[in-house]
Every structure is written in C-alpha cells, then in structure tokens.
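Got the viewer open? Here's a short tour, one selection at a time.

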Amino acid sequence: METDRDASHRLVSEDDALRRCEAHFRDVIETVANGVMYQDATGRIVDANAAALHILGLSLDEIRRRAAADPGWRAIRDDGSAYPAERYPWVMALSSGQSARAEMGLYNPVDESYRWVEVTAVPYFRPGDTAPAAIHTTLDDVPERRRADAERERLVQELEDALASLKILRGFIPICASCKKIRNDSGYWQQLEVYMRDHSEAQFSHGVCPDCVRHLYPEFADDAPPSS
C-alpha cells in the first residue's frame, strides 16, 4: 500500500520528469529555423522561440505585454494594403477551431522592414474541449522557401534537359558485314561515323590501327604497337 510519503515522492519524481521533458522540448523548438509561437485561448502570445522573435523584431516580454484583442501588429498583403486583423490565421483558427494559413508581410521595427512569412495556426484542444485551449503558430520564411523551391526547380529542369539531349542507341542496327556502313531508318546506307554522329553525342577522331598500318604502310610496321 502506498503511503503518503511514497505518494509525495512519486509526485515529485513525475514533476521532475515533466520539467525535463519541457526543457528538452524547449531546446528542440529553439533549434528549428521556423518561428514558433504558443498562444492562449484569447490569442495572446505566451511563448515564442528565437526565430519568431527575430522575425517580429520584438523581445518575449514585449510580445507578452501586447493585448490579445489589439496586439498592434502591422501586416500587409502582396499589394501593400493592410492585412485585416480578423483574417489573421490565429484569429481564424480560434474562431473556427480549424487550422488556418496565410502569407503576409509582418512589420519588423528593428530595421523598419516587412518580413514575408507564411503563417500557419493550428488549434489545440484538451480532451472534452469544444473550443481551442491554445494555438500553435509557425512563421515560415517565404523568401527562403521560394529560393529553395526555385533552386529545386532549376535542378529538375537541368536534369530534364540533360535527359532530353541524351541519345541512346537501342535494338538491332543493320550494318554491312563488308564495308561497315549502316542502313538508317530511311533505307539509306551511311558511313558508320555519320550514323553514330546523328544518333548519339559521340564524336569520332580518326586514326589507323596497327593491323591497318601493317597492311597499308608496311614500311612503318615495325613502329606499330602490337594488336590486342
């Protein structure tokens, strides 16, 4: 039977384990490149990692002091117009109970510029809840993602171009057993070099093999290397 002292020790051990898990989770969140924010049921930001603070240009204390109803964000659309607060992803996620995503330019007061990010807000429900208990929001750097996408598309295009220019000879090739000419698809006989040039990327460099040297130029036969 568990005594009160045993129960107390067990609860302390569970609390220690929970704190260690939270510390480990915090360390993981701090290493990701995307901004990560945790917002309560009112939309107020409770916590944020270093990447999110860099994008927003604010300290964690400054963010926490902002009211949920009017956090004072300055966000714009692609056309430069103000982004309506009611369309912020975390606002929509809280009201609908479903994930919401949008691209917007968030104002950064440090360098007075707008950081283009894709904002994704995912509602979190506790067991039995009918309304979100919190919102997990990520801020994905749009220019960096587009740069990576463009680089990937460039590499894919280069590969497709290389495959398109690659010519591979397949199947039976009709070749004359005597003169070694090849009959092409039109029925004409072509020199081997011409056929290979037209049907592949190969280029020929002409020379004379040792056997032909002995046959055509016997005076130079002693200088010709042996045939394999």
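Start by selecting R77 and Y83: in this predicted model, the charged end of R77 sits over the Y83 ring, 5.2 Å from the ring's centre. Keep Y83 on screen, as the next few stops build on it.

Add Y88 to the selection. What kind of aromatic pair do Y83 and Y88 form? Theirs is a stacked one, with 6.1 Å from centre to centre and 25° between the planes.

Now colour by accessibility. Are Y83 and Y88 buried or exposed? Y83 has a relative accessible area of 13%, and because buried means under 20%, Y83 counts as buried. Y88 comes in at 5% relative accessibility, so Y88 is buried too.

Next, bring in W90. Ring pairs tie Y83, Y88 and W90 together into a cluster. The structure as a whole holds 3 aromatic pairs.

For another charge over a ring, jump to R74 and Y107. Here R74 lies over the face of Y107, and the distance to the ring centre is 3.9 Å.

Time to zoom out and show the cartoon. You should be able to pick out 7 helices and 8 strands. Of the 228 residues in the protein, 26% are buried. Switch on the surface: the protein exposes about 16100 Å², with carbon and sulfur atoms supplying 54% of that area.

If you like contact maps, finish with one. Take the contacts between residues at least 6 apart in sequence: 36% of them join residues at least 24 apart.

Notes:
Residues numbered from 1 in each chain as written. Predicted model: local features only at pLDDT ≥ 70, side-chain atom pairs only at ≥ 80, totals over all residues. Heavy atoms only, no water. Helix = DSSP H or I, 4+ residues; strand = E, 2+ residues; numbered from the N terminus. Buried < 20%, exposed > 50% of the residue type's maximum accessible area, 1.4 Å probe, protein only. Contact = heavy atoms within 4.5 Å. Areas by Shrake-Rupley, 256 points an atom, 1.4 Å probe, with all protein chains shown as cover. Phe/Tyr/Trp six-rings, centres within 6.5 Å; stacked < 30°, edge-to-face > 60°. Lys NZ or Arg CZ within 6 Å of the ring centre and 35° of its normal.
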